[in-house]
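Visitor: I would like to learn how to read a structure like this one feature by feature, with the general idea given before the particular case. Could we begin with the backbone and then move on to the side chains and the metal?

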Amino acid sequence: MSNYHPAYEILAESLECQGIDVTAVKKALKLQHIETPSWGYANSGTRFKAFAWPGAATTTRQKMDDAAMVHKMTGIAPSVAIHIPWDRPEDDDYEGMCQYAEAQGVSVGAVNPNVFQDDEYRLGSLGNPDPAIRRRALDHLLECCQIMRKVKSDVLSLWFADGTNFAGQDSLRGRKQRFEQTLPTVYENLPPNGRMLIEYKFFEPTFYSTDLPDWGTSYAMCLKLGSQAQVLVDLGHHAQGVNIEHIVAFLLVEGRLGGFHFNNRKYADDDLIVGSVNPYELFLIYNELTSAAQGAEEPARSTSRNVAYMLDQCHNIEGKIAPIIYSVLNCQEAYAKSLLVPQDRLAAVQAKGNVLEAHRLITDVYRTDVRPLLAQVREEMGVPTDPITAYWASSYEEKIRSERGLATTSGGYQ
Ligand code: PSV
Ligand code: MN
């Protein structure tokens, strides 16, 4: 019996009194799926110093082991995104990679090509002025389309570090056209049910111009490609004041929201725990998704039901696995709260133009302490009611520390 039980009883009764179907809420929570990134388990990320963490994974198998531990603790993180070539297996044995993952209790998720780490990409990949480098990048993207088939993935997750650092360095129109000339070939080579998610980032590593700087540019590329091309929203890739939930709403209505890379924008990139700075924002994002899923309006409804929820975080000073568990839990909490929003009542208040009442309704739900509900859900799922404490108690860290030691590189596949 968990300590939360009395609190859960009280909360469930109060929610039922408000007309909320608690059984349906619990059912939805049990179906939640957050994908974790293989690179988040290694000593990777950050443009300055990646502090070596004792026990950090160096091989893809170790990353899978860690991801399996996160799934074991939370019950809602059953897949791992891979980054190629960081996760390329010896002899291209992708079947072996999948078998290993499955034996640990997880599966391989999105395939992330890497067209930014090699010296050849100094001036970009698909936007590069040199056709031979564009061809090289294209070949890698096509290889990743084949890898999708081998690992049975339906998501190709694209991010381009392309752009320029100096005014006059390259033709801005030319770079756009080069992308438009090459991306269709990738699109045509997706597996039959595969989707191409196009990520944007407003700056870094190029600072004068970025070829795909914002959701509008990614969206415009997707429109030209076809319905299987959708936008990927990485929370870290926005300026501080940008209203991300508004972007989410727009893309849902247009049927072009493909997925998320969760993290926090305070770092301007991927290195902070999602929901650690502004959990209210995360809730508002989930509220857009949940209200679309519960509504009848298409394509928002079906789009919201096929979103790839992925973390993109590289933890630098707080360990590796516990912060990933914490991030998954923050997503769970935000989702749980969004499921408690009385959407019909909210719509009625909005229609009357009752500004403060509508705002109060949303904020009141946000202030609900859903932790007893989540503990109950976890107990019913057969996972620890307090995953972080259970993780510390598991001795997993001691085990990987003594087995793996201190690695200063992020390593590769083994
Ligand atoms: C780039 O900052 C990014 O967000 C992309 O998603 C990359 O694939 C990932 O981080 C890892 O470098
Ligand atoms: Mn990302």
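Guide: Let us begin with a proline, bearing in mind that this is a predicted model. P205 is found in the loop between β6 (195-199) and β7 (209-210), and the peptide bond that leads into it from E204 is cis, with omega near 0 degrees.

Visitor: Which other peptide bond is cis, with omega near 20 degrees?

Guide: That is the bond from I84 to P85, and P85 is found in the loop between β2 and α4. The loop between β2 and α4 is also the place of D92, a residue other than glycine whose phi is nonetheless positive, near 50 degrees.

Visitor: Is D92 buried or exposed?

Guide: The answer rests on the relative accessible area, where values between 20% and 50% count as partly exposed; D92, at 37%, is therefore partly exposed. S395 can be read in the same way, for its phi is positive, near 65 degrees, it lies in the loop between α15 (387-393) and α16 (396-404), and at 38% relative accessibility it counts as partly exposed.

Visitor: How does the chain cross from β2 to β3?

Guide: For strands, a useful general idea is that in a regular strand the side chains alternate between the two faces of the sheet. In this model, strand β2 (residues 79-84) pairs with β3 in the parallel sense over five bridges, and S107 in β3 is the bridge partner of S79. The chain passes from β2 through helix α4 (residues 94-104) to β3, in a β-α-β crossover that is right-handed.

Visitor: Why is strand β3 described as largely enclosed by the rest of the structure?

Guide: Six of the seven residues of β3 (residues 107-113) are buried, and the strand is therefore largely enclosed.

Visitor: Let us turn to the metal. Which residues are the protein donors of the manganese ion (ligand 2)?

Guide: The protein donors are E199 (OE), D234 (OD), H261 (ND1) and D312 (OD), which lie 2.1 to 2.2 Å from the ion. H261 lies in strand β9 (residues 257-262), whereas D312 lies in the loop between β10 (308-311) and α11 (321-339), so this pair ties together parts that are 51 residues apart in sequence. Along the chain, the donors follow the spacing E-x34-D-x26-H-x50-D. H261 is buried at 2% relative accessible area, and D312 also counts as buried, at 5%.

Visitor: Why is the arrangement around the manganese ion (ligand 2) called octahedral?

Guide: One reads the angles between donor atoms, and for six donors the opposite ones must be over 155 degrees apart, with all others between 65 and 115. Here the six donor atoms subtend angles of 71 to 165 degrees, which makes the arrangement octahedral.

Visitor: How many aromatic pairs does the structure hold?

Guide: The structure holds 19 aromatic pairs. In the pair of F260 and F262, the ring centres are 5.0 Å apart and the planes stand at 10 degrees, so the pair is stacked, as planes under 30 degrees apart are. F260 is buried, with a relative accessible area of 0%, and F262 is buried with a value of 0% as well. F260 and F262 form one aromatic cluster with Y286, Y309 and Y335.

Visitor: Which charged end sits over the ring of Y366?

Guide: It is the charged end of K337, which sits 4.4 Å from the centre of that ring.

How values were computed. Residues numbered from 1 in each chain as written. Chains lettered and ligands numbered in written order. Predicted model: local features only at pLDDT ≥ 70, side-chain atom pairs only at ≥ 80, totals over all residues. Heavy atoms only, no water. Phe/Tyr/Trp six-rings, centres within 6.5 Å; stacked < 30°, edge-to-face > 60°. Buried < 20%, exposed > 50% of the residue type's maximum accessible area, 1.4 Å probe, protein only. Lys NZ or Arg CZ within 6 Å of the ring centre and 35° of its normal. Donors = N, O, S within 2.8 Å, 3.2 Å for Na, K, Ca; no water. Tetrahedral: all angles 85-135°; square planar, octahedral: opposite > 155°, others 65-115°. Helix = DSSP H or I, 4+ residues; strand = E, 2+ residues; numbered from the N terminus. Pairing = 2+ DSSP bridges. Right-handed = clockwise from strand over helix to strand, strands pointing away.
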